[in-house]
Amino acid sequence: MVLAIHPGDSAFVSGRMLMPTQGTSAIADIAIWSDNLLNSSLLIAFVILALINLANLIDIVPSLLDCLWRWKGNLNIDASLKLANPRNKVAAVMLLPVSLLASRYDLFQLEFCQSLSPAMQTLVAMGVVVLYVLVRRILFNLSTLSCRRMETALAAHHSSHNYFIIASLMLFIALGVCMFLSVDETTTRMVIYATGGLIYFIALVRKLQIFNSFCGPIQTILYLCALEILPTGAIIAASVLL
């Protein structure tokens, strides 16, 4: 058997290098997404904001864990300015990484986004997240809950901030594990959906318990559908139709 040594340019055909591509697409996608100026700038901005608000996050973590186990934990946070103000700041900061996560892993699955640049995909994801927050706020203002200056009613509305922070932290942990184990992108996306869905389910249960503490069963269901299920269902419907 005779082995021949060919020149280096013979490894290329029509300008492409003949190398195995399996397993490199996910890495390439990450590189393309993170190399975008807007995405990298927003990542840096998040790191800076996270460091600034790290003390706030540490202060509220024990109370957030309490919200997982019992619904009254949400009332305790709202009743304390020392907890409510840091909670609101951390929740606002978490909007940025969640938007970036949605952009990077195409969580909304909008078909028209497939042809957009990574920067435009991020802007669309941020727009969807902000729109979701605004719609929830508008629905709350239109509901009779906004007329009830009750601590319990406001705590029910603000409880979404608590579970949003919890979900964000859990998503970061899940994503870190997936990256460490070199899990493929499709599986990673499913892990993100499962983690977020689990926390959202817990949030719905706790909010139902809060509503039930001062409303009848029918009002509780109506509030839950109007303030939570309707805006979330709209996003799911948009993901299917658009």
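Let us begin with the largest nonpolar core, which has 16 residues; those that touch the most other members are I60, L64, V90, Y163, I165 and I166. Please bear in mind throughout that this is a predicted model.

Where does this core come from? Helices α3, spanning 54-69, α5, spanning 81-104, α7, and α8, spanning 185-212, each supply at least two of its residues. The most is given by α3, with 5 residues. For one member, I166, we may ask which residues it contacts beyond its neighbours within four places in sequence. They are L64, L68 and I199. Apart from this core there lies another, of 14 residues, including L101, A125, V129 and I192.

I turn next to the charged pairs. How many salt bridges are counted in the model? The count comes to 6, and I shall take several of them in turn.

The first pair for discussion is R70 with D66, which form a salt bridge whose closest N and O atoms are 2.9 Å apart. Is R70 buried, exposed or partly exposed? R70 counts as partly exposed, because its relative accessibility is 37%. D66, at 22% relative accessibility, also counts as partly exposed, given that buried means under 20%.

The next pair is R87 and D78, again a salt bridge, with the closest N and O atoms 2.9 Å apart. R87 has a relative accessible area of 1%, and is therefore buried.

The third pair is E228 and K207, a salt bridge in which the closest N and O atoms are 2.5 Å apart. E228 belongs to helix α9, residues 217-241, while K207 belongs to helix α8, so this pair ties together parts that are 21 residues apart in sequence. Are these two residues buried or exposed? Both E228 and K207 are buried. There is also a network: R104, E185 and R189 are joined into one by salt bridges that share partners.

Finally, I come to the surface. Which residues make the nonpolar patch? M170, I173, V177, F180 and L181 make this patch, with an area of about 550 Å². Within the patch, F180 is found in helix α7, which covers residues 151-180. Why is F180 called exposed? Its relative accessible area is 72%, and exposed means over 50%.

To close, helix α7 appears in two parts of this account: α7 supplies at least two residues of the largest nonpolar core, and α7 also holds F180, one of the residues of the nonpolar surface patch. Thank you for your attention.

Notes: Residues are numbered from 1 along each chain as its sequence is written. This is a predicted model: local features need pLDDT of at least 70, side-chain atom pairs count only at pLDDT 80 or more; totals for chains, interfaces and linings use all residues. Side-chain values use heavy atoms; hydrogens and water are left out. Patches are made of residues with over 30% relative accessible area and no salt bridge: like charges are joined within 9 Å, nonpolar side chains (Val, Leu, Ile, Met, Phe, Trp, Tyr) within 5 Å. Accessible areas come from the Shrake-Rupley method with a 1.4 Å probe; for residues, only the protein chains shown count as cover. A salt bridge is a side-chain nitrogen of Lys or Arg within 4 Å of a carboxyl oxygen of Asp or Glu. Helices (H or I, at least four residues) and strands (E, at least two) are DSSP runs, numbered from the N terminus. Buried means under 20% relative accessible area, exposed over 50%, partly exposed in between (1.4 Å probe, protein chains only). A nonpolar core is a set of buried Ala, Val, Leu, Ile, Met, Phe, Trp, Tyr and Cys residues joined through side-chain atoms within 4.5 Å. Contact means heavy atoms within 4.5 Å.
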